[in-house]
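User: I am new to this molecule and would like a close look at one part of it, followed outward into its surroundings. Please take your time and explain each term as you use it.

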Amino acid sequence: MKFEKEILCIGAGYVGGPTMAMIAYKCEQYRVNVVDIVPEKIDQWNSDDLPIYEPGLDEIVKKARGRNLFFDTDIEAGIKAADIIFVSVNTPTKTYGVGAGMAADLQYWEKTARQILDCAESSKIIVEKSTLPVKTAQAMERILNSGKNGVQFEVLSNPEFLAEGTAIADLENPDRVLIGSQQSQSGLKARDELVAIYANWVDPDRIVTSNIWSSELSKLVANAFLAQRISSINAISSLCEKTEADVSEVARAVGMDSRIGPKFLNASVGFGGSCFKKDILNLVYLCRHYGLEQEADYWEGVVSINEHQKERFVLNMLTAMFNTLAGKKVCLFGFAFKANTGDTRETPALTIAGRLVAENAQVVISDPKALDNARQDTKELKGDIQFIEDPYIAAEGCHAVAIMTEWELYRTLDYKKIFVSMQQPAFIFDGRNIVDHEKLFNIGFNVFPIGKPKKVHF
Ligand code: NAD
Ligand code: UGA
């Protein structure tokens with residue numbers, strides 16, 4: 001069969017894989033090829049055991065794979081054949097040199113741009129799918145258009161707004177698809193080609209176009225605003241704990257103002273995930289780069305409150321458990337950075353596990369999907385750590401349970417059974433406010449929620 005378009009995606013990660021699976025699933029007329037430098041990852045995408053867990057992903061991959069969706073390691077051939085190339089490689093925080101710990105590390109991006117330049121034999125549209133600092137497209141255009149063989153590249157910005165755990169629903173029914181382009185004739189033509197791809201399933205009102213710099217910046221700002229809401233409610237959670245106010249009641253009252261809205265106001269042990277921290281630090285770095293010190297300090301506060309919230313959680317545990325955790329066994333319910341994903345990047349659970357081990361506590365980690373990642377992540381922690389998927393077995397003989405991830409499973413466990421299997425007095429620290437605190441207190445637990453009065457039997 002002859003396909004209308006050859007689409008390539010470089011980077012088969014949490015964004016590249018699901019995004020391309022959705023395009024292929026919705027658009028049989030395009031051939032979608034996803035490549036990566038890690039062959040094992042491509043093997044997994046071609047197997048029944050996909051490299052990431054995401055509700056609904058297996059189904060759409062199964063429908064499209066082999067039909068018009070392909071996972072491959074031949075990046076060069078992929079570039080040659082493509083009309084449109086999405087670049088979805090990782091853009092972590094730089095760990096070296098100028099901007100270390102703050103700026104985005106663009107080495108993977110730049111390597112990709114140079115590889116495209118080296119291999120391309122015909123003109124192409126290059127789509128920035130990765131989250132990048134504003135003005136990256138300019139650097140990309142300069143690299144890409146430095147070739148002498150007459151091949152032309154048009155760079156578009158099309159940041160991805162999916163959240164893990166709901167990626168498929170987000171991709172199928174996005175709040176918006178943002179496409180930034182140069183305002184030149186060729187830029188607008190390329191933009192329209194990309195609009196046409198999404199228009200196969202996305203309502204035209206939700207496909208928003210803008211200039212390329214606004215698009216790049218909007219992605220960083222969207223993540224900064226989302227994280228800011230969590231840090232705002234978390235900052236209030238500390239005040240609630242001091243004043244007997246209840247953070248859930250405050251969030252409900254505040255969120256009912258239609259100008260504020262109810263979403264993203266769940267106080268927690270802190271936000272995790274690969275992007276919030278990195279993207280805010282990137283925004284802070286950009287502000288400082290342009291001499292905007294106060295603006296940089298403002299956004300940096302969002303990250304500081306998040307670090308503080310995790311530390312506060314551990315200190316609360318320590319104080320509650322008679323100022324020593326040494327030799328005590330603490331079970332973490334959940335290790336993923338949020339529910340419905342196996343992803344553990346920047347998970348608060350790792351920070352908490354590290355701090356518990358530093359207090360000489362024994363740690364038992366339980367999670368329905370993230371135990372393999374948890375084993376990897378905790379390798380460097382020198383301490384007594386066990387990994388047990390079954391929450392009942394994991395909690396047996398423990399002094400405390402700390403809920404780290406809001407998995408539905410943890411709401412509905414038989415806490416009576418858990419209570420009797422634990423050391424007494426038994427403690428529960430609910431880092432997600434997901435269990436019935438009154439009920440657990442009545443079972444006999446000493447209960448420590450976030451931003452709500454504690455319930456203790458002594
Ligand atoms: P990821 O680490 O899961 O995937 C990136 C992939 O790119 C990896 O598989 C890596 O092997 C591959 N890669 C790196 N260099 C390559 C190269 N030169 N050639 C081919 N493959 C290469 O990362 P991710 O979570 O998918 O994030 C990708 C980008 O999307 C980041 O910029 C991130 O900020 C952004 N983003 C992520 C999410 C999310 O939920 N994870 C959501 C929106 C945006
Ligand atoms: C986030 C954004 O929601 C996406 O729009 C964006 O595309 C993505 O980052 C990205 O750029 O990577 P994600 O990190 O997958 O998505 O998940 P979120 O649902 O945003 O949750 C992030 C963290 O905040 C999690 O640890 C979650 O538990 C925590 N959270 C969320 C709270 O503590 N309270 C809340 O009210 C909401």
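Analyst: The starting point is Asp170, which is found in helix α7 (residues 167-172); helices (H or I, at least four residues) and strands (E, at least two) are DSSP runs, numbered from the N terminus. This is a predicted model, in which local features need pLDDT of at least 70 and side-chain atom pairs count only at pLDDT 80 or more, while totals for chains, interfaces and linings use all residues. Residues are numbered from 1 along each chain as its sequence is written, chains are lettered from A and ligands numbered from 1 in the order in which they are written, and side-chain values use heavy atoms, with hydrogens and water left out.

Asp170 is partly exposed, because its relative accessible area is 25%; buried means under 20% relative accessible area, exposed over 50%, and partly exposed in between, with a 1.4 Å probe and protein chains only. Not counting residues up to four places away in sequence, Asp170 touches Leu162 and Ala163, where contact means heavy atoms within 4.5 Å. With Ala163 there is also a polar contact, as a polar atom of the Asp170 side chain lies 2.9 Å from the backbone nitrogen of Ala163. A polar contact is a pair of N or O atoms within 3.5 Å; within protein, one must be able to donate a hydrogen and the other to accept it, and residues adjacent in sequence count only if both atoms are side-chain atoms. Glu160 is 10 residues from Asp170 in sequence, and their C-alpha atoms are 9.9 Å apart in space.

Both Glu160 and Leu162 lead on to Thr19, which touches Lys129, Glu160, Leu162 and Leu171 when residues up to four places away in sequence are not counted. Thr19 has its place in helix α1 (residues 16-26), and with a relative accessible area of 3% Thr19 is buried. A polar atom of its side chain lies 2.4 Å from the backbone oxygen of Val15.

Leu162 also leads to ligand 2, which is surrounded by 21 residues, the closest being Leu162, Ser268, Cys275, Phe337 and Arg432; a residue is near a molecule or strand if one of its heavy atoms lies within 4 Å of it. The largest share of this shell, 4 residues, comes from helix α9 (residues 212-243). Oxygen atoms of ligand 2 take part in several polar pairs: one lies 2.6 Å from a polar side-chain atom of Arg432, one is 2.7 Å from a polar backbone atom of Phe337, and one is 3.4 Å from a backbone N or O atom of Leu265. The protein covers 90% of the 710 Å² of accessible area that ligand 2 has on its own; accessible areas come from the Shrake-Rupley method with a 1.4 Å probe, and for residues only the protein chains shown count as cover.

Ligand 1 has 26 residues around it, and the closest are Asp36, Lys41, Thr91, Glu164 and Lys278. One of its oxygen atoms is 2.5 Å from an N or O atom in the side chain of Thr91, while an oxygen atom of ligand 1 also lies 2.9 Å from a backbone N or O atom of Thr131. Of the 830 Å² of accessible area that ligand 1 has on its own, the protein covers 92%.

Further along the chain, an open sheet of 6 strands runs in the order β11-β10-β9-β12-β13-β14, with parallel pairing; two strands pair if DSSP finds at least two bridges between them. The edges are held by β11 (385-387) and β14 (446-448), each with a single partner strand, so one side of each is left without a neighbour in the sheet. Strand β13 (residues 427-430) pairs with β14 in the parallel sense over 3 bridges, and Phe429 stands opposite Phe448 in β14.

Two helices lie across this sheet. Helix α12 (residues 293-320) crosses β9 (329-333), β12 (400-403), β13 and β14, at about 165° to β13, and helix α13 (residues 348-358) lies across β9, β10 (362-366) and β11, at about 180° to β9. For such angles, axes are lines fitted to C-alpha atoms, for helices over the stretch in contact, and angles run from 0 to 180 degrees between N-to-C directions.
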